[in-house]
Amino acid sequence: MAALLTVSGLAAANLEVLPVRPNFYMIAGAGGNIGIQIGADGVVVVDSGSAESADAVVAAIKKVTTQPIRYIINTSADPDHVGGNAIVAKAGQTLFTGNGGAGLAANFLGGGASILSVEQVLTRMSGPSGKPSPYPVEAWPTETFSQPRKYMYLNGEGIEVFHQPAAHTDGDAIVFFRRSDVVVAGDVFDTRRFPVIDVAKGGSIEGEIAALQKLVDTAIPSVPIVSREEGTLIIPGHGRICDQLDVVEYRDMVTIIRDRIRDLMKQGLTLEQIKASSPARGYIHRYGSDTGPWTTNDFVEAVYRSMNGKAQ
Ligand SMILES: [Zn+2]
């Protein structure tokens with residue numbers, strides 16, 4: 001992408017603000033990637049990054065626009081995507097006068113920006129009743145939805161939010177800005193590593209492949225004039241800005257590894273035997289890791305567990 005804006009200030013030292021389209025930016029370095037759409041209605045922010053980076057994210061947004069932040073859309077309940085919710089929302093201003101979108105008073109939570117997510121994100125952020133919530137109420141989504149597709153029309157373009165019900169978790173959303181032609185994918189797409197499939201939180205390999213297919217189907221590549229390098233841009237949950245072909249390759253990689261694991265399961269191999277036979281071979285150099293929070297073996301195990309009993 002074109003020029004890189006550097007945000008001054010110590011806390012913001014590691015943030016990068018990348019122009020994606022004339023009215024669309026990506027902020028990297030604040031946890032998960034953040035998408036920023038700017039227009040006459042204000043600012044729509046997809047994901048708020050980690051809690052530690054929230055002040056720097058607000059400063060970065062104010063550096064590129066004087067418009068108020070109106071909406072945060074969360075792509076999952078992961079702390080590196082929702083951690084900044086309270087601070088970023090408070091820095092903004094609700095679009096609603098009178099009654100809020102979910103029947104809430106306009107001054108609910110001080111009149112900050114609205115926070116939109118699928119229902120499961122609110123459930124996870126508010127926690128089970130009778131127990132302390134993992135997040136303060138200011139960080140919770142103010143509007144949720146449970147249908148497959150939620151839409152808005154802001155800043156002169158349609159914004160579609162697609163629930164992916166069992167991919168990285170059960171609460172993933174991908175966000176498509178139709179006129180900007182940008183998709184913010186969240187953690188169903190991570191160019192740095194194998195996709196994180198959190199089986200305990202409702203993630204599954206089949207849902208992960210379905211989510212990648214949804215990205216492929218939503219995006220349009222630069223054809224027939226390939227040399228123009230145009231086409232839909234996809235902002236992954238982590239890593240670099242991609243085009244449709246990048247997602248096709250990633251989907252194929254995930255599908256090939258799924259097929260290998262399924263074949264080994266059909267042969268009756270145990271999880272340990274499957275890990276030992278290296279079903280991710282050919283992709284480990286690019287996406288794998290032996291250490292850290294999401295190793296190659298973690299990925300293989302998640303694929304195995306989410307297919308368990310279904311690979312016959
Ligand atoms: Zn993430």
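## A walk from strand β7 to the zinc ion

Start by selecting Ser117, which sits in strand β7, the stretch covering residues 114-118. Before going further, keep in mind that what you have open is a predicted model. Ser117 is buried, with a relative accessibility of 1%. Now bring up its neighbours: leaving out residues up to four places away in sequence, Ser117 touches Asn74, Leu122, Pro141, Glu143, Thr144 and Phe145.

**Next stop: Ile73**

Jump to strand β6, residues 69-73, where you'll find Ile73. Is Ile73 buried or exposed? Its relative accessibility is 0%, so Ile73 counts as buried. Show its contacts and you get quite a list, again skipping residues up to four places away in sequence: Val44, Val45, Val46, Asp47, Leu116, Met152, Ile159, Val161 and Val175. While you're here, draw a distance from the C-alpha of Ile73 to that of Val121; the viewer should give you 11 Å, for two residues that are 48 apart along the chain.

**The zinc ion**

Now select the zinc ion. Which residues supply its protein donors? They are Asp80 and Asp187 through OD atoms, with Asp187 listed twice, plus His81 and His238 through NE2. The donor atoms lie 2.1 to 2.7 Å from the zinc ion. If you'd like to find the donor residues in the sequence panel, their spacing reads D-H-x105-D-x50-H. Click on His81 by itself: it has a relative accessible area of 0%, so this donor residue is buried.

**Some backbone oddities**

Time to look at the backbone. Most residues other than glycine have a negative phi, and most peptide bonds are trans. Here are three places to check against that.

- Select Val223 and Pro224: the peptide bond joining them is cis, with omega at about 0°. Pro224 belongs to the loop that runs between α5 (205-218) and β13 (233-238).
- Move to Asn155, in the loop between β9 (149-154) and β10 (157-164). Its phi is near 55°, a positive value in a residue other than glycine. Asn155 has a relative accessibility of 14%, so it counts as buried.
- Then try Ser278, in the loop between α7 (271-276) and α8 (284-287). Phi of Ser278 is near 55° too, positive in a residue that isn't glycine. Ser278 is partly exposed, at a relative accessible area of 26%.

**Zoom out**

Finish with the whole chain in cartoon view. How many helices and strands does the protein chain have? There are nine helices and 13 strands. The radius of gyration is 20 Å, close to the 20 Å that the globule rule gives for 312 residues, so the chain is as compact as a globular protein of that length. Along the principal axes, its C-alpha atoms fill a box of roughly 60 × 55 × 40 Å.

Colour by burial and you'll see buried residues making up 54% of the 312. Contacts tell you about the fold as well: among those between residues at least 6 apart in sequence, 63% join residues at least 24 apart.

Last, switch on the surface. The accessible surface of the chain comes to about 14,000 Å², and carbon and sulfur atoms account for 52% of that. Colour by charge to pick out 27 positive and 33 negative side chains; the centres of these two sets lie 2 Å apart.

Note on methods:
Residues numbered from 1 in each chain as written. Predicted model: local features only at pLDDT ≥ 70, side-chain atom pairs only at ≥ 80, totals over all residues. Heavy atoms only, no water. Helix = DSSP H or I, 4+ residues; strand = E, 2+ residues; numbered from the N terminus. Rg over C-alpha atoms; globule rule 2.2 N^0.38 Å. Buried < 20%, exposed > 50% of the residue type's maximum accessible area, 1.4 Å probe, protein only. Contact = heavy atoms within 4.5 Å. Areas by Shrake-Rupley, 256 points an atom, 1.4 Å probe, with all protein chains shown as cover. Lys, Arg positive; Asp, Glu negative; His and termini not counted. Charge placed at Lys NZ, Arg CZ, Asp CG, Glu CD. Donors = N, O, S within 2.8 Å, 3.2 Å for Na, K, Ca; no water.
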